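The following explanation is intended to be read alongside the sequence and the three-dimensional structure. It begins with the chain as a whole and then turns to its individual elements.

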Amino acid sequence: MMRWRAAGLCTAALLGGCERTPVQPTKRPRADLIGGFTSYLTQQLLANEPLVSDGSTWTDEPLPPGHTIHVVNHDDMDSWKIQVASGTATFENDQCDAAETPQGSGALHLVVTPGAGPATYARDRATRYHRTYLRDLTRLDYYACDHKNNGQQWPFLVLEIDWNGDNTIEDQIVFEPAYQNGAQGGACGALSNQGPEALDRWQFWDGRRQDAAGRFRACWWSVNDPAFPSGFAIRSLSDYITAHPNAAIVNLDGNHGGVQALHGLSSASDSYDGWVDALTIGKDINGSSGQTYNSTITYDFEQP
Ligand SMILES: [Ca+2]
Ligand SMILES: [Ca+2]
């Protein structure tokens with residue numbers, strides 16, 4: 001199966017229709033990724049996912065005050081629901097780098113095996129952050145330990161986004177570890193300044209990466225806004241909020257939460273095997289729903 005890579009100087013014009021050349025992943029040396037790789041196929045697969053509600057609703061779970069740690073050790077717990085296609089998402093004792101498990105001894109294990117496609121993935125998604133403005137996020141970070149991937153895509157975050165307050169989804173935005181350094185993420189990556197990625201070890205990834213001036217320097221790309229491409233021209237979360245000031249996380253329905261930890265979703269012939277733990281989300285409540293406290297939750301994935 002082919003993966004696709006924007007050719008040469010067309011990287012910055014990822015969504016502008018420039019010609020693309022197919023690349024065989026097994027023949028692609030690491031150096032070939034530098035500055036030239038984009039997440040075009042992942043973008044297409046996310047764009048093609050039908051965002052049609054199944055009609056299910058979600059429990060309104062008020063966010064607790066302060067910073068709390070919530071153990072999640074099975075599907076459909078604490079607002080998290082598993083969704084897989086040719087993959088598994090399980091709660092196990094850490095077999096990736098057990099000596100450095102960030103929280104407890106277990107983690108969320110995301111495995112993707114080659115399948116019929118077009119979309120093969122393993123993900124866990126939470127409904128608890130419906131109508132959370134991106135500007136109100138006070139934490140959005142996680143640890144990942146990856147054992148096997150396609151050479152570029154570590155476990156990543158996806159947020160489903162409403163731009164205009166009507167709770168219909170206009171966009172999905174994606175945080176990938178690979179773009180959080182200058183070599184692969186250009187000017188934005190240089191300021192995000194995380195990584196580089198390394199297999200078989202726990203690494204911390206900050207989806208906000210706030211600087212001293214309060215700007216969110218972490219690099220995100222957009223599925224539907226061509227001004228926010230993946231690859232070398234990727235831009236910061238603050239830039240995205242400036243362009244879409246009322247961007248808010250929303251849920252499609254009770255089974256498809258707007259916050260996702262995801263592995264795979266590239267070529268259906270790719271294999272993935274990785275771990276996620278201590279996913280932390282903080283929200284400045286702003287009194288908008290009668291609550292006046294901030295809430296931060298670290299989701300500690302553990303073996304049951
Ligand atoms: Ca909308
Ligand atoms: Ca854990």
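The paragraphs below treat overall composition, strand pairing, the nonpolar core, one helix, and several loop residues.

The structure is a predicted model, and its mean pLDDT is 88, with 87% of the residues reaching 70 or more. Confidence is not uniform along the chain: over residues 1–35 pLDDT stays under 50. For that segment the model has 67 contacts beyond four places in sequence. The chain contains three helices and 18 strands. Of its 304 residues, 49% are buried. Contacts that span long stretches of sequence are prominent: among those between residues at least 6 apart, 70% join residues at least 24 apart.

The strand pairing can be followed from strand E5 to strand E3. Strand E5 (residues 87–93) pairs with E6 in the antiparallel sense over seven bridges, and within this pairing Ala 89 has Leu 110 of E6 as its bridge partner. Strand E6 itself covers residues 106–112; seven of its seven residues are buried, so the strand is largely enclosed by the rest of the structure. E6 is also joined to E17 by five bridges, and these two strands run antiparallel. There, Val 112 has Tyr 272 in E17 as its bridge partner.

Strand E17 (residues 272–283) in turn pairs with E18, again in the antiparallel sense and over five bridges. Thr 280 stands opposite Thr 298 of E18 in this pairing. The sense changes at the next step, where strand E3 (residues 66–72) and E18 pair in parallel over seven bridges. In E18, Thr 296 is the residue opposite His 67. Strand E18 (residues 295–301) has six of its seven residues buried, and it is therefore largely enclosed by the rest of the structure.

Several residues of these strands recur in the nonpolar core. In soluble globular proteins, nonpolar side chains tend to be buried together. The largest nonpolar core here has 71 residues, and those with the most contacts inside it are Leu 108, Tyr 142, Ala 144, Trp 220 and Val 276. The surroundings of Val 276 show how distant parts of the sequence meet. Leaving out residues up to four places away in sequence, Val 276 touches Ala 107, Leu 108 and Leu 110, along with Tyr 142, Ala 144, Pro 155, Ala 261 and Phe 301.

Helix H2 (residues 182–192) offers a view of how a helix is placed against strands. Its buried residues are Gln 184, Gly 185, Gly 186, Cys 188, Gly 189 and Ser 192. They cover an arc of only 150° around the axis, and therefore lie on the same side of H2. The buried residues of H2 pack against strand E13 (219–222) and strand E14 (235–236).

The loop between H2 and E12 contains several notable backbone features. Just after H2, Asn 193 takes a positive phi of about 55°, although this residue is not a glycine. Asn 193 is partly exposed, with 15 other C-beta atoms within 10 Å. Further along, the peptide bond from Gly 195 to Pro 196 is cis, with omega near 5°; Pro 196 lies in the loop between H2 and strand E12 (203–206). Asp 200, in the loop between H2 and E12, has a positive phi near 60° and is likewise a residue other than glycine. Asp 200 counts as exposed, because it has 12 C-beta neighbours inside 10 Å. A further cis peptide bond joins Gly 117 and Pro 118, with omega about 5°. Pro 118 is placed in the loop between E6 and strand E7 (121–126).

A loop residue may also be buried, and Ala 247 is an example. Ala 247 is found between helix H3 (237–243) and strand E15 (248–249). With 24 other C-beta atoms within 10 Å, Ala 247 is buried, since the cut-off for burial is 20 or more. Its contacts, apart from neighbours within four places in sequence, are Tyr 133, Leu 134, Ile 161, Trp 163, Tyr 240 and Ile 241. Ala 247 and Trp 163 are 84 residues apart in sequence, yet their C-alpha atoms are 4.5 Å apart in space.

Technical notes. Residues are numbered from 1 along each chain as its sequence is written. Chains are lettered from A and ligands numbered from 1 in the order in which they are written. This is a predicted model: local features need pLDDT of at least 70, side-chain atom pairs count only at pLDDT 80 or more; totals for chains, interfaces and linings use all residues. pLDDT is the predictor's confidence in each residue, from 0 to 100. Two residues are in contact if their C-beta atoms, placed from the backbone, lie within 7 Å. Helices (H or I, at least four residues) and strands (E, at least two) are DSSP runs, numbered from the N terminus. Two strands pair if DSSP finds at least two bridges between them. The arc is that of the directions from the helix axis to the C-beta atoms. A nonpolar core is a set of buried Ala, Val, Leu, Ile, Met, Phe, Trp, Tyr and Cys residues joined through C-beta atoms within 7 Å.
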